[in-house]
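Me: Please take one part of this model and look at it closely, going slowly enough that I can follow it residue by residue. I would also like to know how far the model can be trusted around it.

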Amino acid sequence: MHDKAEVRAAMSIIFASAFLAFSIALPFGPVSFMCMQRSIVAGARRGLVCGAGASTAHGLFASLALIATGTMASVLTGWQPLIQVFSGAALIAIGCKLLLKLVTTTKGSVAVPGFLADYGAGLMTALSNPVTVVSYLAIASSGSMIGRAGVTEFVATVAGVVLGSITWYAIVSGSAHALRGRLPPLALRMLNIIGGVVLIGMGVRLAVFPELPSLVPAV
């Protein structure tokens, strides 16, 4: 009976954490856009792998929130300007890479990145985003994660966070893939151009003008 109660408690934590992570990942930001772009251009698996990289970052952020809420919050507050510059630079680099890929493709030198590159892009974009980690720290500070100091609770929380975030990215990737065969090559090219420009614009806003409101959530 005791084992069954522990299993029920762990499952409850997993579902609650999954719902939490799904809600945090839900705003359509850079990672969701990259999942959509990769799914339309190269297939749903490519978008899902990109989302898996971001979900790994969500799990790391949740771990940090559980381990050292107060310490991490104070550190992030002190380093916030530098983090914003780094985050903006990362988005600008990804946007420039997307546009440069179009130039090389036009010249006939097609270089398709592998799954590792997709995973790394999602991971680095999510890791460089201060909004995501602050969201988990704020929730942890509010007391929503109190009582999860044990190993089982810790693992269940992180597993739920990864599950919830990857669920959202799977929905984005699957939905985008459904449009893949219906879009002409010109539309796909325009999507890449718009995506590169949007990511660069978001990076410039975050790094140079962080006080301006963002039209696109940075998640």
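Reply: What follows starts with the model as a whole, then turns to one helix and its partners, and ends with the limits.

This is a predicted model, in which local features need pLDDT of at least 70 and side-chain atom pairs count only at pLDDT 80 or more, whereas totals for chains, interfaces and linings use all residues. Residues are numbered from 1 along each chain as its sequence is written, and side-chain values use heavy atoms, with hydrogens and water left out.

The protein chain holds nine helices and zero strands (DSSP runs numbered from the N terminus: H or I of at least four residues for helices, E of at least two for strands), and read along the sequence the pattern is α-α-α-α-α-α-α-α-α. Of its 219 residues, 39% are buried (under 20% relative accessible area with a 1.4 Å probe, protein chains only; exposed is over 50%, partly exposed in between). Among the contacts (heavy atoms within 4.5 Å) with a separation of 6 or more, 90% join residues that are 24 or more positions apart.

The part I would look at closely is helix 6, which runs over residues 115–127. At 1.5 Å a residue, its 13 residues should span 18 Å, and the end C-alpha atoms are indeed 18 Å apart; the expected span is 1.5 Å times one less than the number of residues. Its buried residues are Asp-118, Ala-121, Gly-122, Leu-123, Thr-125 and Ala-126, and two of these, Asp-118 and Thr-125, can be followed in detail.

Asp-118 is buried, with a relative accessible area of 1%, yet its side chain carries a charged partnership. It meets the side chain of Arg-38 in a salt bridge of 2.8 Å, N to O (a side-chain nitrogen of Lys or Arg within 4 Å of a carboxyl oxygen of Asp or Glu). Because Arg-38 lies in helix 2 and Asp-118 in helix 6, this pair ties together parts that are 80 residues apart in sequence. Arg-46 also forms a salt bridge with Asp-118, with the closest N and O atoms 2.3 Å apart. Here Arg-46 belongs to helix 3 and Asp-118 to helix 6, so the pair ties together parts that are 72 residues apart in sequence. The two arginines are buried as well, Arg-38 at a relative accessible area of 16% and Arg-46 at 11%. A search of the whole structure finds two salt bridges, and Arg-38, Arg-46 and Asp-118 are linked in a network of them.

Further along helix 6 comes Thr-125, which counts as buried at 4% relative accessibility. Its side chain reaches the backbone oxygen of Ala-121 at 2.7 Å. Leaving aside neighbours within four places in sequence, Thr-125 is in contact with Pro-30, Val-31, Met-34, Leu-91 and Ile-94. One of these partners, Val-31, has a further role, as it is listed with Cys-35, Met-36, Tyr-136 and Tyr-169 as having the most contacts inside the largest nonpolar core, a set of 29 residues. Such a core consists of buried Ala, Val, Leu, Ile, Met, Phe, Trp, Tyr and Cys residues joined through side-chain atoms within 4.5 Å. Helix 6 gives two or more residues to this core, as do helix 1 (2–25), helix 2 (30–42), helix 3 (44–67), helix 8 (151–178) and helix 9 (185–208).

For comparison, consider Ile-92, which lies in helix 5, residues 80–106, and is partly exposed at a relative accessible area of 25%. Beyond four places in sequence, Ile-92 is in contact with Leu-199, Ile-200, Gly-203 and Val-204, and its C-alpha atom is 9.2 Å from that of Val-198, 106 residues away along the chain.

As for trust, the chain has a mean pLDDT of 74, with 68% of its residues reaching 70 or more; pLDDT is the predictor's confidence in each residue, from 0 to 100. It stays under 50 over residues 105–111, for which the model has four contacts beyond four places in sequence. Residues 213–219 also stay under 50, with 22 such contacts in the model. Where pLDDT is low, the predicted coordinates should not be read in detail.

Notes: A polar contact is a pair of N or O atoms within 3.5 Å; within protein, one must be able to donate a hydrogen and the other to accept it, and residues adjacent in sequence count only if both atoms are side-chain atoms.
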